[in-house]
Amino acid sequence: MAPALGDMEPAEAESVYFNEYPPPKALPKHEALARAFIELHVEANRRVVLVTSGGTTVPLETQTVRFIDNFSAGTRGATSAEYFLQQGYAVIFLHRQYSLLPYSRHYSHSTNCFLDFMDEAPPVVGAANQDDGSIVVRDEYQDQMRDVLRKYRYAKKNNRLLLLPFTTVAEYMFELRSMAKLMRPLGPNALFYLAAAVSDFFIPRNRMVEHKIQSSELPPEYEKDSAVGGEGDEIYTGENEAEPGSRKKLVINLDPVPKFLHRLVDGWAPDGSMVVSFKLETDPALLVYKARTALQRYSHHLVIGNLLSTRKWEVVFITPDAPHERWIRVPKARRSKSISGVEDQVGLAEIKKGGAAPTETRQ
Ligand code: PMT
């Protein structure tokens with residue numbers, strides 16, 4: 001039996017993984033856009049950050065109806081991208097399609113619908129046509145919206161923000177590898193900020209079924225096309241033993257996705273660039289241990305740890321140098337109902353320094 005990708009040396013896993021999948025259709029277009037974007041900023045000696053954001057999916061069928069998703073709204077990535085732009089960086093924003101985007105995130109979330117910020121214009125006293133049907137931003141939102149609009153326009157006009165979408169984990173991996181290699185001319189002006197929630201388990205392509213997995217018996221003439229294997233295969237449907245005669249159960253056997261952080265740090269990324277990864281956990285007892293282990297394993301510069309339940313209010317910075325562990329916390333009084341992240345509360349400048357003085361100390 002062929003060894004699992006997770007058991008191979010990183011370079012071998014890379015060659016096997018990338019040979020198994022066809023590159024995403026959009027990759028050549030994304031590469032052309034990124035090449036031009038990077039050239040422009042190399043010429044200007046500007047720093048460029050690749051921000052990854054949002055969750056990757058793992059399809060269950062080649063013609064995908066069902067998929068497994070990774071949790072992430074894209075708040076961390078979109079918010080951080082705005083702060084990088086404010087700090088003078090150009091940003092390649094590699095994001096899950098339809099997740100939150102820099103600037104528009106203020107008005108695109110379901111609790112922040114842009115329509116709630118608008119009104120019909122009041123009639124113009126004395127004008128021939130008093131109600132011309134135009135719409136305006138409501139008074140109370142003028143200042144904030146003007147501020148966001150100006151920053152958005154500036155980034156667009158000056159070519160500071162490149163938006164590149166992905167959906168599946170394979171697309172993400174191809175895009176990440178290409179972008180990192182294209183960023184080589186930037187040398188130490190390149191930064192990688194890996195906030196995307198990347199799938200840890202997947203179904204290798206050679207074990208994926210082509211068509212939609214069926215949950216009920218089909219007449220024999222259709223069985224061939226929709227077969228998903230029998231017990232012992234990677235995916236199979238079988239009788240639900242608890243309820244004989246009921247609909248079939250689905251059993252899925254997933255392989256570990258190779259961690260390409262090794263390859264990013266040691267192979268793809270330019271010499272002298274900085275790599276920041278994130279570590280997401282749900283168990284507080286594991287977070288610091290897992291973040292430290294990641295830093296030791298991949299020998300990069302910074303791991304930012306966060307817990308699912310508190311990620312908007314606190315993060316921990318794990319660095320190779322002292323103080324090794326530093327918490328950034330938003331004081332309780334400033335924890336608004338806003339959907340934004342800790343970046344909005346403490347600012348990325350503090351994050352860039354390697355961690356603000358903790359606004360609350362660890363108990
Ligand atoms: O978008 P929000 O709702 O604001 O949420 C933000 C966030 C919680 C998603 C974000 O802050 C975060 O923690 N992102 C990283 C999530 C993640 O993938 O964690 P992980 O522990 O599974 O992986 C750790 C690192 O390994 C990640 O930097 C990832 O890029 C990398 N990885 C993961 C899996 C994989 N197969 N290969 C990888 O290289």
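**Figure 1. Helix 6 in the predicted model, residues 169-182.** Of the 14 residues of helix 6, 13 are buried, so the helix is largely enclosed by the rest of the structure. Its length also checks out. At 1.5 Å a residue, 14 residues should span 20 Å. The end C-alpha atoms of helix 6 are 20 Å apart, in agreement with that value.

**Figure 2. Helix 5, residues 142-157, a hardly covered helix.** How many of the 16 residues of helix 5 are buried? The count is zero. The span of helix 5 again fits expectation: 22 Å should result from 16 residues at 1.5 Å each, and the end C-alpha atoms lie 22 Å apart. Asn159 follows helix 5. The phi of Asn159 is positive, near 55 degrees.

**Figure 3. Strand 1, residues 48-53, and its cover.** Six of the six residues of strand 1 are buried, so the strand is largely enclosed by the rest of the structure. In a regular strand, side chains alternate between the two faces of the sheet. Which residues of strand 1 lie on each side? One side carries Val48, Leu50 and Thr52. The other carries Val49, Val51 and Ser53. Both faces are covered, and all of these residues are buried.

**Figure 4. The strands that pair with strand 1: strand 4 and strand 8.** Strand 4 covers residues 90-96 and pairs with strand 1 in the parallel sense, over six bridges. Here Val48 has Ala90 as its bridge partner. Strand 8, residues 190-194, also pairs with strand 1 in the parallel sense, over five bridges. In this pairing the bridge partner of Thr52 is Leu194. Val48 and Thr52 belong to one side of strand 1, together with Leu50.

**Figure 5. The shell of 22 residues around the ligand.** Which residues come closest to the ligand? They are Thr75, Arg76, Ser277, Phe278 and Leu280. Two elements, helix 3 (75-86) and strand 13 (274-281), each supply at least two residues of the shell. Strand 13 gives the largest share, four residues. By class, the shell holds eleven nonpolar, six polar and five charged residues.

**Figure 6. Domain 1 against domain 2.** The domain assignment builds domain 1 from three segments of the chain, 23-119, 145-204 and 257-352. Domain 2 is assigned to 205-253. Where the domains touch, eight residues of domain 1 are in contact with twelve of domain 2. The touching side of domain 1 has four nonpolar, two polar and two charged residues.

**Figure 7. Thr64 in the loop between strand 2 and strand 3.** Strand 2 spans 57-59 and strand 3 spans 67-69, with Thr64 in the loop between them. Is Thr64 buried, exposed or partly exposed? It has 14 other C-beta atoms within 10 Å. A buried residue needs 20 or more, and an exposed one has 12 or fewer, so Thr64 counts as partly exposed. Thr64 and Ala4 are 60 residues apart in sequence. In space, their C-alpha atoms are 24 Å apart.

**Figure 8. The whole chain as context for the close-ups, with eleven helices and 16 strands.** The chain has 363 residues, and 35% of them count as buried. Take the contacts between residues at least 6 apart in sequence: 67% of these join residues at least 24 apart.

Definitions and conventions:
Residues are numbered from 1 along each chain as its sequence is written. This is a predicted model: local features need pLDDT of at least 70, side-chain atom pairs count only at pLDDT 80 or more; totals for chains, interfaces and linings use all residues. A residue is near a molecule or strand if its C-beta atom, placed from the backbone, lies within 6 Å of it. Ala, Val, Leu, Ile, Met, Phe, Trp, Tyr, Cys and Pro count as nonpolar, Asp, Glu, Lys and Arg as charged, and the others, Gly among them, as polar. Domain bounds come from an automatic or database domain assignment. Two residues are in contact if their C-beta atoms, placed from the backbone, lie within 7 Å. Two strands pair if DSSP finds at least two bridges between them. The expected span of a helix is 1.5 Å times one less than its number of residues.
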